[in-house]
Amino acid sequence: MERTLLLVKPDGVVRGLIGEVIRRVEAKGLKIAGLKLKWLSKEEAEELYSVHKGKAFFNDLVSHITSSPVVAMVVEGEKAIEVVRRLIGSTDPKSSPPGTIRGDLGLSLTKNVVHASDSLESAQREIKVFFKDNEIYSYDRADAFWLS
Ligand code: CMP
């Protein structure tokens, strides 16, 4: 079973889209193993986006992600990293397909509602920015036996 980090970014939070994002994750059969509202410090934001350090949009990224609390989720499931990336769609909402979170709800490259880890290595690093080990829970979904 794989774990990934999914964030509702400040634009999603202040637009009242927390429930809409969680609804889509749950409807897909994915398990929410950790969940919290957190206001990132500049240092935590720089760690989260460390792979983008030096890029032209890095300062805008850090400034946006620290502009309000974010909702952080540890999402668990088979191939969770790939499944969640497909669920959120591509980075630019204008080219993200309808049916995806960013395609349906995103406004711009920066205000694209959600962030999700793009690899196992990123997932492990990013989950640590938000969660201690004892804040991630194991339990069974009642419909788990229908998943294949
Ligand atoms: P996210 O999945 O959070 O990962 C990095 C973020 O950088 C990405 O979503 C976008 O919000 C943002 N991003 C990527 N490319 C650009 C760009 N060219 N200009 C501004 N923001 C960008």
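The largest nonpolar core in this predicted model has 21 residues. Leu6, Val21 and Met73 have the most contacts inside this core. Six elements each supply at least two of its residues: strand 1 (2–8), helix 2 (18–27), strand 3 (70–77), helix 5 (80–88), helix 6 (101–105) and strand 4 (114–116). Helix 5 gives the most, with four residues.

Val21 shows how the parts meet. Setting aside its neighbours within four places in sequence, Val21 is in contact with Leu6, Val8 and Met73. Val21 also touches Ile101, Val113 and Val114.

There is a second core, separate from the one above. This second core has 19 residues. Phe58, Val62, Phe131 and Ile136 are among them.

**Strand 3 and its partners**

Strand 3 is mostly covered, with eight of its eight residues buried. In a regular strand, side chains alternate between the two faces of the sheet. Here, Val70, Ala72, Val74 and Glu76 point one way from strand 3. Val71, Met73, Val75 and Gly77 point the other way. Residues of both sets are buried, Glu76 included.

Strand 3 pairs with strand 1 in the antiparallel sense, over seven bridges. Within this pairing, Leu5 has Val74 of strand 3 as its bridge partner. Strand 2 (residues 31–38) is also joined to strand 3 by seven bridges, and these two strands run antiparallel as well. Leu35 stands opposite Met73 of strand 3. Met73 is also one of the residues with the most contacts inside the largest core, and Val21 is in contact with it.

**Rings and charges**

Two lysines lie over the faces of aromatic rings.

| Lysine | Ring | Distance to ring centre |
|---|---|---|
| Lys31 | Tyr139 | 5.4 Å |
| Lys36 | Phe131 | 5.2 Å |

Phe131, the ring under Lys36, belongs to the second core.

How many aromatic pairs does a search of the whole structure find? The search finds one. Its members are Phe145 and Trp146, whose ring centres are 5.1 Å apart. Their planes stand at 35 degrees, so the pair is tilted. Are Phe145 and Trp146 buried or exposed? Both are exposed.

**In brief**

Strand 3 is buried in eight of its eight residues and pairs with strand 1 and strand 2. Strand 3 also supplies at least two residues to the largest core. A separate core of 19 residues includes Phe131, with Lys36 over the face of its ring. The aromatic pair of Phe145 and Trp146 is tilted, and both of its residues are exposed.

Definitions and conventions. Residues are numbered from 1 along each chain as its sequence is written. This is a predicted model: local features need pLDDT of at least 70, side-chain atom pairs count only at pLDDT 80 or more; totals for chains, interfaces and linings use all residues. Side-chain values use heavy atoms; hydrogens and water are left out. A nonpolar core is a set of buried Ala, Val, Leu, Ile, Met, Phe, Trp, Tyr and Cys residues joined through side-chain atoms within 4.5 Å. Buried means under 20% relative accessible area, exposed over 50%, partly exposed in between (1.4 Å probe, protein chains only). Contact means heavy atoms within 4.5 Å. Rings of Phe, Tyr and Trp (its six-membered ring) pair if their centres lie within 6.5 Å; planes under 30 degrees apart count as stacked, over 60 as edge-to-face and the rest as tilted. A charge sits over a ring if NZ of Lys or CZ of Arg is within 6 Å of the ring centre and within 35 degrees of the ring normal. Two strands pair if DSSP finds at least two bridges between them.
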